[in-house]
Amino acid sequence: MTAVLAVVAASAYAAVRLTDDNASGCAPSGTPIRVAAAPEIADAVRQTISGLCLSAEVTATDPADVSAIIAGQRNVTLAGVGQPDGDAKAPDIWIPDSSTWLARLSNASPTLAATDTVSIARSPVVVAMPEPVAKTLGWPAAKLTWQALLQKMTTDTKLHVGTSEPARDAAALSGLLALGQAASTSAGGQTATTAALRALSAGRSALRTDVLARFPRSAEPAALASGLSAAPMSEQAVLAYNAAKPPVKLAALYLDPAPVALDYPLTVLPGADAGRKQAATQIREALQSDSFRSKLAGAGLRLPDGTPSTGLTLPQGAPTPQVTPPPSATQRAAVAAGVDKALSTWIAVTLPARMLAVIDVSGSMLERVPTAGNATREQVTLEAARRGLGLFDDSWAVGLWTFSTELEGSKDYRQLIPIGPLSTQRTSLLAKLEAIQPKQTGDTGLYDTLLAAYQTVQHDWDPGRVNSIVMMTDGDNDDDNGISHADLLAKLKQLADPKRPIQVIIIGIGPSVNAAPLKQVTDLTGGGVFTAKDPAKIGEIFLQAISLRAAGLH
């Protein structure tokens, strides 16, 4: 991933130390309190803190990088964010651009739940669009919706939609959430969601600056036709872009329903000593003062309640500002729940992969699932696999095995489709999935199958893709004639090559799965174990599991 700015490591080269040795005799001393702020608000924070009698280091830092550091302290990883630099340290006070970062950390580990936060600014999330393109949609007078944008994205070949990486950009994530909600309420929700995400991913870029650079630099028809047509951005980003007086200005489209706004939560992280806690209280009060708020217009930001800061000129077409109260606990919980699902789906659609799917067909997979309309475990598993397959585009390479005991002579597994491009074998895969039936008298030859699958994926390992095994099973290994758990671990340890990683993802179906021995496997290979205690929830678990493939890749 992009190197974490060394400011969070308290480097003298990357941080600005602020003190106020004034005539009143104020002489700050001691270890400076470290403040990491989103780049667009960092100057206003720095100017305000410089007037306090304390020693501080204020850093303009990408929120994704700070999130990686904080998550790393608890040995968890946020999908799509990656790992921090080895020497990077967390700040004492963090001001990311959005509370969605706090929600993602809390979802990753309850010990990372933030309890001491306050919003110090706001910026609505809009759809940025070249003004000539926006006028064709009735801007600035017309009121547009996410449903209307969704329809144009999936039917209008002239509309080129893009986004920065939602796993690392809060405004892009907010747009993804809004678009996903619109798709879920459309006819054919799953199909609409897939189509929307594929359209969005076709124009994605790693960084927001790369997205902005793809907007047309000329109003000539050819430039407008070839340039980017729309992308989710913060209002602040649009104002900053237009302030540079580009050849073609961006319109800010405020679509209904309004997406989750960037709210710049000031967060005091745990672990500070008494002196730093006192300094944090001073900073917190200063960043809620009129003096600080008078600086927000210069940063293109609104007040925390959503009204314009003094001197801020809103983009043309902006709705009449209204005071908006902070979200309730219920609203925050709903956003937090939606964030991981949206990112899991996004990553499943966009990350290039070479995957071997291995599905349990032992007799216990015939057990009925009352919460899934009394369908069998096999049926709900296959439905999850079919839906997952629908998310993957033709750049994926996928193979399919089934396993039980003695499916082919003494072998516990059977290859139905070798790993190959979906562009040529999607139809065959769907047909094979449709025909899978459990072996009524079959047991679970889990360990023999897992070893064979690992060797198969390793044989033709592809350096340009995430190479993985996704195994779905409802039981423990019960093959008396197969390899032992200890021997499996020993062989995998011998086979594993850090330069040719293979992630093993195991999805346990139902309450009888013992995750402990399986976790020992994935601890060794990389990957993870996910358990759907209620088999009806396997679809959600499948998306979470697939998204794990992004860990450490950025």
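When I speak of strands and helices this morning, I mean DSSP runs numbered from the N terminus, at least two residues for a strand and at least four for a helix. With that in place, and bearing in mind that what you see above is a predicted model, let me start at Ser404, which sits in strand β15, spanning residues 397–408.

Ser404 has a relative accessible area of 0%, so it counts as buried. What does its side chain reach? The side chain of Ser404 comes to 2.7 Å from the backbone oxygen of Asp443. Asp443 also appears among the residues that Ser404 touches once those up to four places away in sequence are set aside, and that list further includes Val361, Ser362, Asp412 and Lys439.

Next, the aromatic rings. A pair of aromatic rings is described by the distance of the centres and the angle of the planes. The count here comes to 4 aromatic pairs. In one of them, Phe392 and Trp396, the ring centres are 3.7 Å apart and the planes lie at 5°, so this pair is stacked. Both partners are buried, Phe392 with a relative accessible area of 2% and Trp396 with 0%. Ring pairs also bring in Phe542, which forms a cluster with Phe392 and Trp396.

Phe392 turns up again in the largest nonpolar core, a set of 71 residues in which Leu253, Phe392 and Ile507 have the most contacts. If we follow Ile507 outward, leaving aside its neighbours within four places in sequence, its contacts include Phe542, Ile538, Ile541 and Phe530, as well as Val470 and Met471. There is also a second, separate core of 51 residues, with Leu52, Val58, Trp94 and Ile120 among its members.

Leu253 leads us to Val127, a residue of strand β6, which covers residues 125–130. Val127 has a relative accessible area of 3% and is therefore buried. Beyond its neighbours within four places in sequence, Val127 is in contact with Leu253, and also with Trp146, Leu149, Pro232 and Leu255, among others. For a sense of distance, Val127 and Tyr264 are 137 residues apart in sequence, and their C-alpha atoms are 20 Å apart in space.

Now to the second largest pocket, which holds about 460 Å³ of space. Its lining is made up of 23 residues, and those closest to its centre are Pro39, Glu40, Asp169, Arg208 and Thr209. Three elements, α1 (39–49), α8 (208–213) and α10 (235–243), give two or more residues to that lining. Which of them gives the most? It is α10, with 4 residues.

I will finish with helix α2, residues 63–73, where 9 of the 11 residues are buried, so that the helix is largely enclosed by the rest of the structure. Those buried residues include Pro63, Ala64 and Asp65 at one end of the list, and Ile69, Ile70 and Ala71 at the other. What do they pack against? The buried residues of α2 pack against strands β2 (33–37) and β4 (93–95), and against helix α3 (100–108). At the start of α2, a side-chain oxygen of Asp62 reaches to within 2.9 Å of the backbone nitrogen of Ala64, while after the helix comes Asn75, whose phi is positive, near 55°.

Technical notes. Residues numbered from 1 in each chain as written. Predicted model: local features only at pLDDT ≥ 70, side-chain atom pairs only at ≥ 80, totals over all residues. Heavy atoms only, no water. Buried < 20%, exposed > 50% of the residue type's maximum accessible area, 1.4 Å probe, protein only. Polar contact = N/O pair within 3.5 Å; in protein donor to acceptor, adjacent residues only side chain to side chain. Contact = heavy atoms within 4.5 Å. Phe/Tyr/Trp six-rings, centres within 6.5 Å; stacked < 30°, edge-to-face > 60°. Core = buried A, V, L, I, M, F, W, Y, C linked by side-chain atoms within 4.5 Å. 1 Å grid on protein atoms, 1.4 Å probe; cavity = no way out; pocket = protein on both sides within 12 Å on 5 of 7 lines; lining within 4 Å. Points joined across faces, edges and corners; volume = space filled by probe spheres on them.
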